[in-house]
Amino acid sequence: MAEGYRKRIKRGLLGSLALVCFWQGEVVMAQAEKMQEGPASMVFTKHCVGRFEFELPQEMQLLTSGYGQPQFFINIYHQNNTDRKKGVITGEHRLEQWLAYVEELRSKADRYRPTKYVIKDLERELKTVVFYEGSRRSSPESNTKHKFASFFFKDFPEQQLGLSVEGSANKFIARNAPNVDEILQQRLQWMRQAIEKIEYQPWPHKQAGVCLQRNLLVANLQPLKDELGDYHENYGAEFFNGADKGSMFKVLVNVYGKGEEKALKEELSRYSGMMAFFASSKTKVAGREGRLFISDGKYSDTQREFTWVSTDSKINSVRYAHMEISGKIEIEDFPAMAPLNATDMIVGLLKGVRVRENGMVGVKD
């Protein structure tokens, strides 16, 4: 399951570049959040992502972020003047937009198998909708299992903001199970308890937990474990400046649980192989050991692409989760940074990454 939502986070981040539009609330910042640095007093903005914070040029805005754990999965798209119904939804008709989004998913599923709504609980702050997916139309009923798709809407009325959340405790229930409804209700309760930990917390803040974006936080005092004692915490965020050549800054953090040693080894080996083709340097980021790869950009002589990857990643560790920071910098996007080049700027941005205050509270491993 962990590998599934790791891939979904990556897909969400990669697919977001085509949007090139931003959530209005992320653009206007309080003066206290701005940092005066750089050769020409360039303005930098602090950002909160997961358990970390860093500073980026104010031109770079949060485009999308994703978060996954055993109970739920979230993809947040930050955009303005759009009818997109997934992630953060703002405005008076946010609930209707979310319900329309769930209905779209049910209709798509219904093309292949019969579906029906079995739960629509819209009275409380955390709305819940579940639909049942029957067997494929070509499959014998006796060979199939019960499957439910669960969706939640966490509403913040004072902020006129809602958050679309997808339940990820989606294991099938045996066809011959005598207590299908009881099993479903137990799973929903397990998912609700985790989702209810999501808070609206205006940035800057010093709250324990994992930032989904600047103002939304999963306020867990301790990282969550599954029934086997494995940690599951996977998140990412992508920043983009909207220019034609497109400077980009992307962060991915993944905890590999027990039994995923092979997957982590393969991930680290992939970067070891890169060392044979690209120059790299040992570079510490947020106190973590890692390797930095920088190569020429595809679109201009003044653009550089980069990848930093942690080399001290450990199995089933939140503190030493596997971490990747990548992107590209076009120095011409930032004339105030002259006479620096893109390589200097990349190194400077990575030096600014740090564990945010109280970001590792409750982390033992």
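This report walks through a predicted model of one protein chain, from its overall make-up to a small sheet, its aromatic rings and one glutamine.

## The chain as a whole

Let us start with the broad view. The chain has 365 residues, and 53% of them are buried. Its secondary structure amounts to five helices and 20 strands. Sequence-distant contacts are well represented: taking contacts between residues at least 6 apart in sequence, 61% join residues at least 24 apart.

## A three-stranded sheet

One place to look is an open sheet of three strands, arranged in the order β11-β13-β12 with antiparallel pairing. At its edges are β11 (198–200) and β12 (210–213), each of which pairs on one side only. On average, and with direction ignored, neighbouring strands here are turned by 30° against each other.

As background, the strands of a sheet pair through backbone hydrogen bonds, in either a parallel or an antiparallel manner. In this sheet, β11 and β13 (residues 216–218) run antiparallel and are joined by three bridges. If you would like a residue to click on, try Ile198, whose bridge partner in β13 is Val218.

## Aromatic pairs

The aromatic rings deserve a visit too, with nine aromatic pairs in the count. In the pair of Tyr117 and Phe131, the ring centres are 6.2 Å apart and the planes stand at 90°; this angle is over 60 degrees, so the pair is edge-to-face. Tyr117 belongs to strand β7 (residues 115–121) and Phe131 to strand β8 (residues 126–133), so the pair ties together parts 14 residues apart in sequence. The two partners can also be described by their accessibility. Tyr117 has 28% relative accessibility and counts as partly exposed, whereas Phe131, at 2%, counts as buried because its value is under 20%.

A second pair brings us back to the small sheet. The ring centres of Phe156 and Tyr200 lie 6.2 Å apart, and their planes meet at 50°, so this pair is tilted. Phe156 is in strand β9 (residues 147–156) and Tyr200 is in strand β11, so distant parts of the chain, 44 residues apart, are linked by this pair. Phe156 counts as buried at 9% relative accessibility, while Tyr200 is partly exposed with a relative accessible area of 26%.

## A cluster, and charges over rings

Elsewhere, a single aromatic cluster is formed by Phe54, Phe239, Phe249 and Phe306.

Rings also meet charged side chains. Tyr117, the partner of Phe131, has the charged end of Lys120 over its ring, 4.4 Å from the ring centre. There is a similar arrangement to view at Tyr320: the charged end of Lys314 sits over that ring, 4.5 Å from its centre.

## Gln71 and its surroundings

Our last stop is Gln71, in the loop between β4 (61–68) and β5 (72–77). Is this loop residue buried or exposed? Gln71 has a relative accessibility of 6%, and it counts as buried because that value is under 20%.

Its side chain makes a polar contact of 3.0 Å with the side chain of Gln69. Leaving aside residues up to four places away in sequence, Gln71 touches Gly167, Ser168, Ala169, Trp190, Met191, Ala194 and Leu224. Displaying these residues around Gln71 gives a good picture of the setting of this buried side chain's residue.

Note on methods:
Residues are numbered from 1 along each chain as its sequence is written. This is a predicted model: local features need pLDDT of at least 70, side-chain atom pairs count only at pLDDT 80 or more; totals for chains, interfaces and linings use all residues. Side-chain values use heavy atoms; hydrogens and water are left out. Two strands pair if DSSP finds at least two bridges between them. Helices (H or I, at least four residues) and strands (E, at least two) are DSSP runs, numbered from the N terminus. Axes are lines fitted to C-alpha atoms, for helices over the stretch in contact, and angles run from 0 to 180 degrees between N-to-C directions. Rings of Phe, Tyr and Trp (its six-membered ring) pair if their centres lie within 6.5 Å; planes under 30 degrees apart count as stacked, over 60 as edge-to-face and the rest as tilted. Buried means under 20% relative accessible area, exposed over 50%, partly exposed in between (1.4 Å probe, protein chains only). A charge sits over a ring if NZ of Lys or CZ of Arg is within 6 Å of the ring centre and within 35 degrees of the ring normal. A polar contact is a pair of N or O atoms within 3.5 Å; within protein, one must be able to donate a hydrogen and the other to accept it, and residues adjacent in sequence count only if both atoms are side-chain atoms. Contact means heavy atoms within 4.5 Å.
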